[in-house]
Amino acid sequence: MTVKSATSGVLAARAFAVLVSVGLGAGAAALFLQFGAADGYQMVDGVRAALVFVTTFWLAWGAMQAVEGLISSRKAPLPMTTPITTRTAILMPVYNEDPAVVFARVAAMDESLARLGLTDHFDFAILSDTQDDRLGSAEEDWFIHLWDDRQQDARKAQGLAHRFFYRRRQKNTGRKAGNIQNFFETSGADYDFALILDADSLMEGDTIAELVRRMQAEPELGLLQTLPRVTGATSRFGRAMQFAAGFYSPVFAQGQAAMQGVAGPFWGHNALIRVRAFTESCALPELSGPPPFGGHILSHDYVEAALLARAGWTVRVDPDLGGSFEEGPENMIDFAKRDRRWCQGNLQHIRVISAPGLKAWSRFVFFQGILSYIAPLFWMMFLASNLYATATAPETDFFPEPFQLFPVFPSDQTSKAVGVAVGVFGLLVFPKVLVLVDAALRGRVSQFGGTVLALRGMVRELVMSSINAPIMLMWQTRAVLQVFLGRDGGWPAQTRGDGRLTLAEAFAAGWWIQIWGIAVILVTNSFAPDLMLWVLPISVPLVVAPLVIWATSLPSTPPVFVTPEELDLPKVIADHRRIVQQWSQAGPAIPATVNAPAAELTA
Amino acid sequence: MDARMTLQDMARNGSDRARSDNRRAAILSMAGLPDAPLVMPRQVIQVSQPSIIYATQNAARRLYSLMTEGFGPAARGR
């Protein structure tokens, strides 16, 4: 494919998605306006129609990514076999993590590379930003353990350079972005590429090698992102997310890939970067003013991707690459904590979206991120405006003209509102059904236990996410309001482990959501009882929020939500578990504080 | 006899610990990041001076830039 045809293909994909999304949004708004204005046009009808446009557009845009992904789906290319001639640093940033578990990941990935005979092309650097001195000392102990486990003394005795490095910063200036930047400013000149990981990342050696070969083959490629699969979940919530990420995300990511052109995404980890490209174009400044809108850029990965594209480098996600793994939150509270940080990071991009010289698609990606967090506000406003419109609707006037002989019955436009509601629900379900049909036709369902199990997983995930969605909506709305009111979310703890919650913990996190649920029911009952049936699917989950938060944190086991990684454990994950087991019997002690503070899941 | 053995053990343990500490320090020193610096020039992502915006941008873009630039301070009530 030539560059010109590739560019026109990208533009056509973007235009198709935008046109369909805008068209569906406008159609839904027009229908809703007819329904709302059936009893005479009021200002609130226009507001409701505008809100329907924005929310429907946003849902349609999401659905179009799946459609684009299915349209543009291609057979994965064969792995490259060109010799590796470059040097790559594999960077593992850690921040108050359990060193045994994290360093065992390093050992597992090194074993994977060793099986391919490629270790001489790769060094590992553990970049610690751990602020707890006891934990820092434990990291040093475990690094010695890793050093011995990887036989670095024997390597040095043979006259070879060691391949494992450890550095701890006393102050975590710039957080993860600052940590990585510090590495390049200290040691970047020794390497052609750097593989950026998170503390919970695992990658197969052949995936790492394929990334390097692809980057060697394309000198203009500045960053190559993999699509990490979520693994290791054990709770109902965690396994539902793990299933959804494994089953749907490859199609959605393919859709993104079809539209991204040279301005693809960077998700902060499990991605290979070209050192020269990154160092030339990705040193982030602090934004003026205090947090949450000023200070260090929280979601730095999106900004780095945009800056690479601005400098003329290609940034790309290759969803066909397997063997790339991460872990996800196990319960709704941990999810909400992570989402709070992402919310602040994405809203901070309001300050970056007008940066000079950015590609239009990079600006659109920022806009998408901002809208994804503001969208819940639109849904809340839509709910409130409907309650207001119903409560203030004028009495039906059957004799609008003086001396009118026959009554005039207002035309019933309810079917149009029902049509919009059905359409909105369809936009939520349609992409998932499409992905299921596609997976059945291509045989991908076999990786998820077959068509019946995949269908069961899809339906159950749909029900769970429908119940969870209003609760998430409340958390997101609170997060957005907190950021707009100037409250910095800081760097909250991300808990590792099975994530099981007690009812008391669930109640402590969800009582205020319950109160909102009760308030919505009371207000609806008082002012717009006709809307009660429409409001119940939202208000009932709110009222029982603590129960939902607790119940979804309970353990879950296959076969439902089974994923390919559960059916056939990838070698690097099996190695990691084995090494953790071995080290737990022979390694240094781990301080009790290890699970208290946080890990940086993203960037 | 027992007391002498205990003293020997203590001496041996102390010597082992010292050796282990020395080795630990040597490895950690050796495993520090290699000295191969690269310069990372600070990127401009925020046009903070309105005069620069006015000089280089057309009217629509100027308005857009000012709105997006001003959004953060306005939201903080400054």
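Biologist: Let's start inside chain A: does A:R105 count as buried or exposed, and at what relative accessibility?

Modeller: Keep in mind that this is a predicted model. The cut-off for calling a residue buried is under 20% relative accessible area. A:R105 falls under that cut-off and counts as buried, with a relative accessibility of 4%.

Biologist: Which residue forms a salt bridge with A:R105?

Modeller: The closest N and O atoms of the pair are 3.1 Å apart, and a salt bridge needs them within 4 Å. The partner counts as partly exposed, at 27% relative accessibility. That partner is A:E327.

Biologist: How many residues apart in sequence are the parts that this pair ties together?

Modeller: A:R105 sits in helix 3 of chain A, residues 99-115. A:E327 is in the loop between strand 10 (324-326) and helix 12 (332-348) of chain A. So the pair ties together parts whose separation in sequence is 222 residues.

Biologist: Which residue does A:K432 meet in a salt bridge?

Modeller: A:K432 lies in helix 14 of chain A (residues 414-442) and its partner in helix 15 (residues 451-484), so the bridge ties together parts 29 residues apart in sequence. A:K432 is buried, with a relative accessible area of 16%. The partner is buried too, at 9%. With 2.9 Å from N to O, the partner is A:E461.

Biologist: How many salt bridges does the structure hold over all chains?

Modeller: Some of them share partners: one network joins A:D110, A:E111, A:R115, A:D149, A:R150, A:R163, A:K571, A:D575 and A:R578. Across the interface of chain A and chain B, the rule finds four. Over all chains, the structure holds 31.

Biologist: On to the second chain, then. What order do the elements of chain B run in, from the N terminus on?

Modeller: Chain B has three helices and zero strands. Of its 78 residues, 23% are buried. From the N terminus on, the elements run α-α-α.

Biologist: What is the area buried between chain A and chain B?

Modeller: On the chain A side, 55 residues are in contact with 32 residues of chain B. Carbon and sulfur atoms give 61% of the buried area. A:I144, A:R351 and A:S354 supply 14% of what chain A buries against chain B, more than any other three residues. The total between the two chains is about 3,800 Å².

Biologist: Which helix of chain A gives the most to the side that touches chain B?

Modeller: Several elements of chain A supply at least two residues each, including strand 2 (122-128), helix 5 (152-157) and helix 11 (300-310). By class, that side has 30 nonpolar, twelve polar and 13 charged residues. The element that gives the most, with seven residues, is helix 4.

Biologist: Which residue of chain B meets A:E140 in a salt bridge?

Modeller: This pair crosses between chains, from helix 4 of chain A to helix 1 (residues 2-30) of chain B. A:E140 counts as partly exposed at 23% relative accessibility, and its partner also counts as partly exposed, at 22%. The distance from N to O is 3.3 Å, and the partner is B:R24.

Biologist: And which residue of chain A does B:R23 meet in a salt bridge?

Modeller: Between chain A and chain B, 17 residue pairs are in polar contact. As for B:R23, its side chain meets the partner at 2.6 Å, N to O. That partner is A:D153.

Biologist: Back to chain A alone: which side chain makes a polar contact with the side chain of A:R316?

Modeller: A:R316 lies in strand 9 (residues 314-317) of chain A and is buried, with a relative accessible area of 18%. Leaving aside neighbours within four places in sequence, A:R316 is in contact with residues including A:R214, A:E218 and A:Q260. The polar contact, at 2.8 Å, is with A:D318.

Biologist: Last one: what distance separates the C-alpha atoms of A:A528 and A:A393?

Modeller: A:A528 is in the loop between helix 16 (503-527) and helix 17 (532-543) of chain A, and counts as buried at 1% relative accessibility. Apart from neighbours within four places in sequence, A:A528 is in contact with A:L387, A:T390, A:A391 and A:V523. A:A393 is 135 residues away along the chain, and the C-alpha separation is 9.8 Å.

Terms used. Residues are numbered from 1 along each chain as its sequence is written. Chains are lettered from A and ligands numbered from 1 in the order in which they are written. This is a predicted model: local features need pLDDT of at least 70, side-chain atom pairs count only at pLDDT 80 or more; totals for chains, interfaces and linings use all residues. Side-chain values use heavy atoms; hydrogens and water are left out. Contact means heavy atoms within 4.5 Å. Buried area is the accessible area (1.4 Å probe) that two parts lose on being put together, summed over both. A polar contact is a pair of N or O atoms within 3.5 Å; within protein, one must be able to donate a hydrogen and the other to accept it, and residues adjacent in sequence count only if both atoms are side-chain atoms. Helices (H or I, at least four residues) and strands (E, at least two) are DSSP runs, numbered from the N terminus. Ala, Val, Leu, Ile, Met, Phe, Trp, Tyr, Cys and Pro count as nonpolar, Asp, Glu, Lys and Arg as charged, and the others, Gly among them, as polar. Buried means under 20% relative accessible area, exposed over 50%, partly exposed in between (1.4 Å probe, protein chains only).
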